[in-house]
Amino acid sequence: MPTDLRQFDVIVLGAGAAGLMCAVVAGQRGRRVALLEHNGQPGRKILISGGGRCNFTNLHCGPENFHSENPHFAKSALALFPPRHFLELVERYGIAWHEKTLGQLFCDGSARTILDMLLEECERGGVEVVLNAREIAVEASSSGFRVSSSHGEFWAESLVVATGGLSIPKLGATGLGYELAAQFGLNVIEPRPALVPLVLGGDEAGWTELAGVAADVVAWAEPGFEKHPSGAKAQAHSAGSTYGLKPVPFKELKSVRFREKMLVTHRGLSGPAVLQASSYWRPGEALLLNFLPELAAQADLFDGLKQPGARRDLVALRRALREVLPQRLANYLAEIGGPKGWSNAALEECERHLRRWELHPVGTEGFEKAEVTAGGVDTRELQARTMEALSAPGLFFIGEAVDVTGQLGGFNFQWAWASGVAAGRAV
Ligand SMILES: Cc1cc2nc3c(=O)[nH]c(=O)nc-3n(C[C@H](O)[C@H](O)[C@H](O)COP(=O)(O)OP(=O)(O)OC[C@H]3O[C@@H](n4cnc5c(N)ncnc54)[C@H](O)[C@@H]3O)c2cc1C
């Protein structure tokens, strides 16, 4: 072996959430670890996460908060490193935190405290962090892996790929993880933007006039719709061809409903409810909205209009809608979704429509705006307890590069920590 080749036990590619955690665990086990990152700074996504306060985990994290072609895969790693283990580390560092809603834990102060904690733990484990390591290439060599980079050549018997997904390229996201998976013959589920705003077009473009309006809704994607009724073409942000991947047919995802806020944007819809539903939405499918989540199914929104002698017209309809919806939204829905007549039956039909309003997004805002990337290295290629490739001993894939995607609310970091720990204990 040439002498200018630096030897380690473990090389981790990508100093994001998963890579840092893996390096900490492996380093503190006494393994000699090199952590290679092409940015000039580690953990850039950690720094901007949760609006700068990092929603670092979720107390109610379970396998049902993730989607994957292989939904059982995540169970093992998640069970080995539950949220309270990460919380113990956070508390050991005296980082103040609070629970926002639904078990979501945020820092009271800056997300930087989480990154600093991980970097200090790396130092304790003797991890060598190599920044600005660009043009990374890998080849299998002498029962290990030889990694060349702009910062020299490295060799180790274990290689952990933690280079994340394609979301937010300006923060340094690349498809290196998928390229390496393909190089070693592993299948990759086509990456697609998730937790991403949806774009409306065609005869639904009028919604964007409401930009800035927010409302509580229940949102969900519904499979089985092939075509946009207005003829507008639904656009897929396919990354497969870029990374030379074979397209793999999607399994239909189970529809999950999210009751949270929706926000109308200049291009379509966003807000937590829509971001959540977007992860389950596929081009060509409908987005369903219930605008009356507060109103029990048996309650009658138009009770007032139905009283004997009551006014039954657009003014009365708008007034009834404004009782439960923001004014601009109420007026818009009255205008485009008012009843076909003023009979009780027509009013009831209008209410049913408000509880199941169908929209046909023409696409998503793409990887530039997506909080995560769904799809990734096919989990059927990996061991669930260690994240090691079944067909390539010594090669591991962790974090967002893998086809395990969390819902909004701290689940994606929990997956990054848990899968990082699983590999860190095995390398
Ligand atoms: C705006 C935003 C806010 C978010 N907020 C939250 C939140 O509050 N809670 C939550 O749970 N999740 C949040 N997420 C999602 C979360 O950040 C990711 O799921 C998580 O960071 C994934 O960890 P990872 O280590 O797999 O990938 P990353 O954190 O993306 O790390 C991958 C690392 O690999 C490096 N890399 C990539 N390509 C190469 C290459 N070719 N050579 C060398 N290095 C490379 C990258 O520069 C990066 O440092 C947020 C995401 C975004 C975009």
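**Aromatic contacts in the predicted model**

Phe73 comes out at 5% relative accessibility, so this residue counts as buried; the cut-off for that label is under 20%. The model behind this value is a predicted one. When ring centres within 6.5 Å are taken as a pair, the count comes to twelve aromatic pairs. One of them joins Phe73 to Trp415, with 6.4 Å from centre to centre and 65° between the planes, an edge-to-face arrangement. The two partners sit in distant parts of the chain, 342 residues apart: Phe73 is in the loop between strand 4 (66–67) and helix 3 (74–80), while Trp415 belongs to helix 12 (residues 411–426). Trp415 has just 1% relative accessibility, so it counts as buried too.

Next up is the pair of Trp207 and Tyr332, whose planes meet at 75° with the ring centres 5.1 Å apart, so this pair is edge-to-face. Why does this pair tie together parts that are 125 residues apart in sequence? Because Trp207 lies in the loop between strand 12 (198–199) and strand 13 (214–222), whereas Tyr332 lies in helix 10 (residues 327–337). Both Trp207 and Tyr332 are buried.

Aromatic rings also turn up in a group: Phe56, Phe86, Phe413 and Trp417 make up one aromatic cluster.

Then there are charged residues placed over rings. Lys100 sits over the face of Phe106, 4.8 Å from the ring centre. Arg257 does this with Trp220, lying over the ring face at 3.8 Å from its centre.

How values were computed. Residues numbered from 1 in each chain as written. Predicted model: local features only at pLDDT ≥ 70, side-chain atom pairs only at ≥ 80, totals over all residues. Heavy atoms only, no water. Phe/Tyr/Trp six-rings, centres within 6.5 Å; stacked < 30°, edge-to-face > 60°. Helix = DSSP H or I, 4+ residues; strand = E, 2+ residues; numbered from the N terminus. Buried < 20%, exposed > 50% of the residue type's maximum accessible area, 1.4 Å probe, protein only. Lys NZ or Arg CZ within 6 Å of the ring centre and 35° of its normal.
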